[in-house]
Amino acid sequence: MVFSSLLFIYIFLPVNLLCYAVISDIKKKNICLLIFSLLFYAWTSPKYLLVMMSMALINYLGALGVKKYKDIGKSGYVLAADIAASLCILAFFKYLGFICEISKFITGVPKIIPQVVLPVGISFYTFQLISYVVDVYRGEVEAEQKYWKVLLYAALFHQCIAGPIVRYKDIADDLKERKTGIDDMNDGISRFTVGLAKKTLLANTCASIVNSVLPESLSQISNASVLGSWFGMLLYALQIYLDFSAYSDMAIGLGKMTGFHYKENFNYPYAADSITDFWRKWHISLGTFFRDYLYIPLGGNRKGLPRQLFNILVVWMLTGIWHGAGWNFLFWGLWFAFFLILEKLFLGDILESVPKVFGRIYTLAVVLISWVFFALESPGEILAYLQAMFGMNGIGPVNSLAMFLCNEYLVLLVIALVACLPLGSRLVHALKSSKTGPAMALYRLGEKVIPAVLLLLSVAYIVDASYNPFLYFRF
């Protein structure tokens, strides 16, 4: 089940909100949410619900073990065992084939690569549960005594499939006591409809064009011009941002409807003026997870520059592998590590001394090149596409196909770019904070009309479209 489906919008969500509204006791509200969350997850992956429940049980027991053995100094062993067990389960489902490929590469002995289906959302809820046990170990939260509450934390249908990665300490108070006022409900509905429109009207439209623009073979890549290849990757960049941020918007909106307050996961990353700044604004929950649970424990920037650069390399190798079991994702992580290290050494100082526009152009170029590793998987295709982007395939800067694509999709490109930049939010903020009558009236009108219009347009698109899962479902 996906958020951008008629089943979810007109049946699952209304029934869930109705059942939730008629219950007054917080414990019963939580049980209601748990039932709906398990139903949501099991809708398309019933057998993998057992994986999630088992993972929640392991970390529930791990947290209790950490608490039990803390006084005798053995809680660290329990924590290590818990993390190892969680990562082994994740590795089995997500990295078994990749591990076999690495073994074959090292030994030269052919391996039979097993076909294991990846449970939806396993990367997200695994990290959430690990963060919970680590926070118990650090004394930042109390170990939950009831298993079903840990399962609810892992399974909340708002965000269990594709994030944001929510830490237990951020919603611990909400799990114990929460209220949903009219303002929260209105804000939640507005945020959900904005995300729905971003997904259905923009991300899906970009996706349909990307599928026709990006070459499907090496021979087609070799015929791409510089302009055409950059244009295709720009569309892919818009698609992946609009798709993923749309899911986060909807998750945050759904949370508000039931009293949960999830943190922001994106802050207009394509307006960043450095790669360091980009990763402060892109997939914030993943970046802060690796910072707090890996980079800082490794020593962060406290043990000298060489150690700091090593820590960056390790973190970004693992960030790449987290996204997928393939060499392309490893190279994607190393690509960002390279520029982050350069910015630590000298490039960051240079970027601070020049006008912001140069930093933004540099950042966008680096990011667009990085998405080549996402869009294409084979090393041959990646290399050929990079050659096309820099005119090394003999085609030249522009051809008739590139001009046709730019002319045909220019309007969509402009609309999508505006949606990726903070122009709209600044306008809304200006109207909301204005004390003039016309501005306040315009804000109030837009507050009521725009969500309704976006919902109407989105539903019209969904009725005419086929199944459209989110890109990050595969991570």
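## Helices α15 and α16

α15 passes α16 in a right-handed crossing. This is a predicted model, and this pair of helices is a friendly place to start reading it. Helix α15 covers residues 356-375 and helix α16 covers residues 379-389; their axes lie 9 Å apart and make an angle of about 150°. Since angles over 145 degrees count as roughly antiparallel, α15 is therefore roughly antiparallel to α16.

Which residues make the contact between α15 and α16? On the α15 side they are Ile369, Val372 and Phe373, and α16 answers with Ile382, Tyr385, Leu386 and Met389. By class, this contact holds 7 nonpolar residues, with no polar and no charged ones.

Looking at α16 by itself, its buried residues are Ile382, Ala384, Tyr385, Leu386, Ala388 and Met389. After α16 comes Gly391, which has a positive phi near 70°.

## Helix α1 and its two partners

Now turn to the start of the chain. Helix α1 (residues 6-22) packs with helix α2 (residues 26-42) at an angle of about 160°, and the two axes are 9 Å apart. That angle makes α1 roughly antiparallel to α2. The crossing of α1 past α2 is right-handed.

From α1, the residues in this contact are Phe8, Phe12, Val15, Asn16, Cys19, Tyr20 and Ala21, while α2 brings Lys29, Cys32, Leu33, Phe36, Leu39 and Phe40. Sorted by class, the contact of α1 with α2 has 11 nonpolar residues, 1 polar and 1 charged.

How is α1 placed against helix α20? The axes of α1 and helix α20 (residues 437-464) come within 9 Å and cross at roughly 120°, which makes α1 oblique to α20. Here Leu6, Ile9 and Tyr10 of α1 meet Leu455, Val459, Ile462 and Val463 of α20. The contact of α1 with α20 is made up of 7 nonpolar residues, with no polar and no charged ones.

## The largest nonpolar core

How many residues does the largest nonpolar core have? The count is 141, and the members with the most contacts inside this core are Phe8, Tyr132, Tyr270, Trp282 and Trp371. Helix α10 (residues 226-257) gives the most to this core, with 18 residues.

One of those highly connected members, Phe8, is also one of the α1 residues in the contact with α2.

## A mostly covered helix: α12

Helix α12 spans residues 284-295. This helix is mostly covered, with 9 of its 12 residues buried. The buried set consists of Ser285, Leu286, Thr288, Phe289, Phe290, Asp292, Tyr293, Leu294 and Tyr295. What do the buried residues of α12 pack against? Their partners are α5 (122-138) and α13 (305-323).

## Two loop residues with positive phi

His283 belongs to the loop between α11 and α12. Its phi is near 45°, a positive value in a residue other than glycine. Is His283 buried or exposed? His283 is buried, because its relative accessible area is 0% and the cut-off for buried is under 20%.

Tyr268 sits in the loop between α10 and α11 (275-281). This residue, again not a glycine, has a positive phi near 50°. Tyr268 counts as partly exposed, because its relative accessibility is 24%, and partly exposed is the range between under 20% for buried and over 50% for exposed.

## Two buried helix residues

Thr193 is placed in helix α8 (residues 182-213). With a relative accessible area of 3%, Thr193 is buried. Setting aside residues up to four places away in sequence, Thr193 touches Pro451, Leu454 and Leu455. Leu455 is worth a second look, as this residue of α20 also takes part in the contact with α1.

Ala155 lies in helix α6 (residues 147-155), and its relative accessible area of 0% makes Ala155 buried. Which residues does Ala155 contact, leaving aside its neighbours within four places in sequence? They are Ser37, Leu38, Met52 and Cys160. As for Gly76, which is 79 residues from Ala155 along the chain, the C-alpha atoms of the two residues are separated by 26 Å.

Methods. Residues are numbered from 1 along each chain as its sequence is written. This is a predicted model: local features need pLDDT of at least 70, side-chain atom pairs count only at pLDDT 80 or more; totals for chains, interfaces and linings use all residues. Side-chain values use heavy atoms; hydrogens and water are left out. Axes are lines fitted to C-alpha atoms, for helices over the stretch in contact, and angles run from 0 to 180 degrees between N-to-C directions. Helices (H or I, at least four residues) and strands (E, at least two) are DSSP runs, numbered from the N terminus. Angles under 35 degrees count as roughly parallel, over 145 as roughly antiparallel, 65 to 115 as roughly perpendicular and the rest as oblique. A crossing is left-handed if the near helix is turned anticlockwise from the far one by less than a right angle, and right-handed if clockwise. Contact means heavy atoms within 4.5 Å. Ala, Val, Leu, Ile, Met, Phe, Trp, Tyr, Cys and Pro count as nonpolar, Asp, Glu, Lys and Arg as charged, and the others, Gly among them, as polar. Buried means under 20% relative accessible area, exposed over 50%, partly exposed in between (1.4 Å probe, protein chains only). A nonpolar core is a set of buried Ala, Val, Leu, Ile, Met, Phe, Trp, Tyr and Cys residues joined through side-chain atoms within 4.5 Å.
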